[in-house]
Amino acid sequence: DSARNGFSFKGIKDYLECYRSGKLTPSQVAKNIIAMLEDCDKSTPPLRAIVQWDQEQIMLMAEASTTRYRNKCTLSYLDGIPVCLKEEFKVVPYHHRVGTVYLGTEPETEDATVAKKLREAGAIIIGVSNMHELGTGTTGCNPNRYHKIPRNPYKPNHFTGGSSSGSAAAVAAGSLCPVAIGTDGGGSVRIPASFCGVVGLKGTFGRISCHGSLPLSYSTVSVGPICTSVADAAIVYSILAEPDPLYPYGLKQPKATLSDMCAPDLKGLNLGVDWTFFKACDAEVLSISEKAVEHLQSLGASVVEVSLPEMEEARVAHVICILSEMRDFLQPDFNKHFQEMNLDTRANLALASQFTALDYITANRQRTRSMGFLREIFSTVNCILTPAVPCTAPRIYESDLLTGSSDMSFTVRSIRFMQLGNFTGIPGLVVPIGYSTAGLPINLQASTGFLLKTVMAKWWDEAVLLRIGLKLEQFRSQTKKPSIYYDILA
């Protein structure tokens, strides 16, 4: 914990201190949250972070947690902690709409694995969060009647980023909940976390179970937490990261560890930077990102210049893979529910129909090449640093509220630093490092791979990301208070 003067977000530690001291109970916190959720929906413009919630469900979980605290038999560090899950996950008793108007016509009767694990840990699930329809965009713009456009707590006339848009907005809005869960197939955790000025972790592919989420893209999507701090992301990661018999992609993973996460410095770590790739961003983003890299150097890390080969080929191949897999899964929806889809969803799925089997096979050959390049790079460095997103959150225009937004050039640009992690399965962490002159958040990203001493090397070293992330948090001199802010513990 690093004590700060001025504003700071409330995190898991603050909730636990309130509960353990008796200052507040989980039941009292739940009542505050319900009042805030009602206020969110009535505000102008409405925040639209949480799109489904149920007062009775929230109170049941909170009262059970209150009893456990009274009896001193809590279940985990998440006991009594408010959390939300992206609408892409099945959460009882909510509708599994995945950002659409046509899915989830009946309430869910079975939880996704992550929802189940959060319940077992004693967390209070406050509802399901807004998302870009079917995860097909990076703005979070979803004008349909069930969702509407979530607002960036720092500047409500700007987008949150997507597709885990509501998850990031809920955490950034003064910890409406300090923990949210998202999915990330092309930056969908890390982009909204970056635009909303909070921490986002994309686990290694398969590290956290995707069972019970809509299988939009089975080879690129990872699950991860969005939190107000790196320490909180580590807590959530440590509880969710393990093999799930219902999710075959993560069965062979090594045990999750947080070893050396709290080391006093970064001595012995080599941080890789491809400066040509790194510098492809707005001037304000570049300036503060370069200073953040110098900060990590001052703590004992060595910055090693690396070359990321064939990044244009990898970029195109990632798009072919994710869109082909989405089009494959959503082909019946595209035929049957075309008129009910948002315009940008139709455009993306129509584009995907132009890719051939040959394109998909060639793209996967490129994946093998890219993973081979990374194996070589990770034999000399512990992680790769890039800006998180090349720009800050874009503005919302009046037309977006009615018809949505489709800006392919922005989509391509916003995922520039994200795609390699999704394409090759390596984990990535984004951490706030400052603000633009307009007051919008800027984040830095670290991505890593961990070479096991076997030929079948995989990438499971989230611990080194969290270690670097803790030190990166010290770089930002102050945390600015968002303009939409709810203090649940007040």
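**Exercise 1. Two cis peptide bonds**

Where is the place of P93? Locate P45 as well.

*Solution.* This is a predicted model: local features need pLDDT of at least 70, side-chain atom pairs count only at pLDDT 80 or more, and totals for chains, interfaces and linings use all residues. Residues are numbered from 1 along each chain as its sequence is written, and side-chain values use heavy atoms, with hydrogens and water left out.

Step 1. P93 is in the loop between β2 (82-86) and α4 (113-120). Helices (H or I, at least four residues) and strands (E, at least two) are DSSP runs, numbered from the N terminus.

Step 2. V92 and P93 are joined by a cis peptide bond, with omega about 5°.

Step 3. Another cis peptide bond links T44 to P45; here omega is about -10°. P45 lies in the loop between α2 (26-42) and β1 (50-52).

**Exercise 2. Positive phi**

Find the loops that hold R48 and K148. Is R48 buried or exposed?

*Solution.* Step 1. R48 is not a glycine, yet its phi is positive, about 55°. R48 sits in the loop between α2 and β1.

Step 2. With a relative accessible area of 15%, R48 is buried. Buried means under 20% relative accessible area, exposed over 50%, and partly exposed in between (1.4 Å probe, protein chains only).

Step 3. K148, also not a glycine, has a positive phi of about 65°. K148 belongs to the loop between β3 (124-129) and α5 (165-172). Its relative accessibility is 39%, so K148 counts as partly exposed.

**Exercise 3. The two sides of α12**

Check the span of helix α12. Then sort its residues into buried and exposed.

*Solution.* Step 1. The expected span is 1.5 Å times one less than the number of residues. Helix α12 (residues 357-377) has 21 residues, so it should span 30 Å; its end C-alpha atoms are 30 Å apart, which agrees.

Step 2. The buried residues in α12 are A363, Q366, R367, S370, M371, L374 and I377. They lie on the same side of α12, because they cover an arc of only 145° around the axis. The arc is that of the directions from the helix axis to the C-beta atoms.

Step 3. A357, L358, R365, T368 and E376 are exposed on the other side of α12.

Step 4. The partners of the buried residues are α10 (311-336), β9 (383-387) and α15 (419-424). Contact means heavy atoms within 4.5 Å.

**Exercise 4. Cavities**

How many cavities of 30 Å³ or more are there? Describe the lining of the largest cavity and of the second largest.

*Solution.* Step 1. On a 1 Å grid over the protein atoms alone, a cavity is a set of points where a 1.4 Å probe fits but cannot get out; lining residues have an atom within 4 Å of a point. The count is 5 cavities of 30 Å³ or more.

Step 2. The largest cavity holds about 90 Å³ of space. Its lining includes H132, D344 and D407. Both α11 (343-352) and α14 (408-414) supply at least two lining residues. The lining has 1 nonpolar, 9 polar and 2 charged residues.

Step 3. The second largest cavity has about 80 Å³. Among its lining residues are R190, F277 and Q445. β9, α15 and β11 (441-448) each give two or more residues to this lining. Here 7 residues are nonpolar, 4 polar and 1 charged.

Notes. On a 1 Å grid over the protein atoms alone, a cavity is a set of points where a 1.4 Å probe fits but cannot get out, and a pocket is an open set with protein on both sides within 12 Å along at least five of seven lines; lining residues have an atom within 4 Å of a point. Grid points are joined across faces, edges and corners, and a volume is the space filled by probe spheres set on the points. Ala, Val, Leu, Ile, Met, Phe, Trp, Tyr, Cys and Pro count as nonpolar, Asp, Glu, Lys and Arg as charged, and the others, Gly among them, as polar.
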